[in-house]
Amino acid sequence: MHNFKKIWKPVLVVLICGFLLKGLDLALYPCTFMRNDIHAVCTREYEDIIVGTSHGKMNIDPASMESVTGRSAHNICVGGEYGVDVYYLVRLITEKQNPSRIIYEIDPGYFVSEKEEGNNYLLFYHEFPASRTKWEYFGTSIAKCNFRTVLFPWYEYSLSYELENVKDTLSRKLGGDYDISFLKSDTQEYHDNGFVDRYPVDTTQLKMTKPKLYEEGSICAQNMEYLEKTIDYCKENHIEFVAVTTPIPAATLKQFSENYEAAWKYFGEFFREKGVEYLNFNAQYYKAFSHKMECYTDFDGHMNGEAAEQYSRVLAELLPAMEGRQEA
């Protein structure tokens, strides 16, 4: 009995702390568009799932693709989505549904840089439902980050802003509300298929900034490891895998031509060796879509909504002929 009294008090303290942390998480961690994306791919069936970075999020519109292919699709790309995130997202999705194709938007800069701490670190993991995949994801990636990220996931967000929105945040979470109207801003709006529609900008006022660039010999081994694991996982589960690099403005390609040419060569050879179709709209498919600045909202290659819809139809025209090419 004496030993029991010694044990139950610290256990009670741990439980109380756990409930407090969960309550603060519920009230202060914002409702992000990734919450909507994860909910969508866990509760609905899609034939095509689009993964990748912000270029994929803003350049690939599932609705425009579907108008050509007739295939349902959801875009689960986002800036800060690295190979390890993609791998576990694909694992989670296949636990909940049976997609027939994964379209992976490839940004070479993401393969020479490491995942940085910040609110994007938990953006995906935080919304995962309880599952074996979530536990493995935690052990592989999340457990290695700053302890504050794990215990206090809201700390990277503005506390003053989140306190003002506690009522709305709790209402959405407790009521299972996935309304997207509040995800609209002055510069862009989120669509319920995962696409982010950016509004056109005055391109004459844009300034060239240096994007994340591929550099020969600087590949991050973990990023390539998880790209390969995703490809292998798709093959094992009879899911078609297609790699895509979306168009970049001509001015940017010219400014950093050596970096981009080295990247296209590296990834072209890599995907050939893996037996994967690679649609690079800055190399062999350069002429398939415009590289003029008026199609974009920055020199990095994020398109405005109208251009993204047009590009997505071009991309979709190239996808149907690929079906069945990959070995099961």
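**Figure 1. Salt bridges in the predicted model.** The count of salt bridges comes to 10, a salt bridge being a side-chain nitrogen of Lys or Arg within 4 Å of a carboxyl oxygen of Asp or Glu. Side chains of opposite charge can pair when their charged atoms come close. This is a predicted model, in which local features need pLDDT of at least 70 and side-chain atom pairs count only at pLDDT 80 or more, while totals for chains, interfaces and linings use all residues. Residues are numbered from 1 along each chain as its sequence is written, and side-chain values use heavy atoms, with hydrogens and water left out.

**Figure 2. The salt bridge of R71 and D48.** The closest N and O atoms of R71 and D48 are 2.7 Å apart. R71 lies in the loop between α4 and β2 (73–75) and D48 in strand β1 (residues 48–51), so this salt bridge ties together parts that are 23 residues apart in sequence. Helices (H or I, at least four residues) and strands (E, at least two) are DSSP runs, numbered from the N terminus. Both R71 and D48 are buried. Buried means under 20% relative accessible area, exposed means over 50%, and partly exposed lies in between (1.4 Å probe, protein chains only).

**Figure 3. The salt bridge of K115 and D85.** Here the closest N and O atoms are 2.8 Å apart. The pair links distant parts of the chain, 30 residues apart: K115 is in the loop between β3 (101–105) and α6 (132–140), and D85 is in helix α5 (residues 83–96). Both K115 and D85 are buried.

**Figure 4. The salt bridge of K274 and E228, and a network.** The side chains of K274 and E228 meet with an N to O distance of 3.6 Å. K274 belongs to helix α12 (residues 257–274) and E228 to helix α10 (residues 221–236), so distant parts of the chain, 46 residues apart, are linked by this pair. K274 counts as buried because its relative accessibility is 17%. E228 counts as partly exposed, at 31% relative accessibility. Elsewhere, D48, R71, R101 and E240 are joined into one network by salt bridges that share partners.

**Figure 5. The crossing of helices α4 and α13.** Two packed helices are described by the angle between their axes and the distance between the axes. The axes of α4 (residues 62–69) and α13 (residues 305–318) come within 8 Å and cross at roughly 40°. That makes α4 oblique to α13. Angles under 35 degrees count as roughly parallel, over 145 as roughly antiparallel, 65 to 115 as roughly perpendicular, and the rest as oblique. The axes are lines fitted to C-alpha atoms, for helices over the stretch in contact, and angles run from 0 to 180 degrees between N-to-C directions. The crossing of α4 and α13 is right-handed: the near helix is turned clockwise from the far one by less than a right angle, whereas an anticlockwise turn would be left-handed.

**Figure 6. A nonpolar surface patch.** I7, V11, L15 and F19 make a nonpolar patch of about 420 Å². Patches are made of residues with over 30% relative accessible area and no salt bridge, where like charges are joined within 9 Å and nonpolar side chains (Val, Leu, Ile, Met, Phe, Trp, Tyr) within 5 Å. Accessible areas come from the Shrake-Rupley method with a 1.4 Å probe, and for residues only the protein chains shown count as cover. I7 lies in helix α1 (residues 2–28). I7 counts as exposed because its relative accessibility is 52%.

**Figure 7. H238, a residue with positive phi.** Most residues other than glycine have a negative phi. Phi of H238 is near 60°, a positive value in a residue other than glycine. H238 sits in the loop between α10 and β6 (240–245). With a relative accessible area of 58%, H238 is exposed.

**Figure 8. A283 and D298 in a loop.** A283 is found in the loop between β7 (277–280) and α13, and D298 is also found in the loop between β7 and α13. A283 is partly exposed, with a relative accessible area of 32%, whereas D298 counts as buried at 18% relative accessibility. From C-alpha to C-alpha, A283 and G268 are 9.5 Å apart in space and 15 residues apart in sequence. D298 and Y233 are 35 Å apart in space, C-alpha to C-alpha, and 65 residues apart in sequence.
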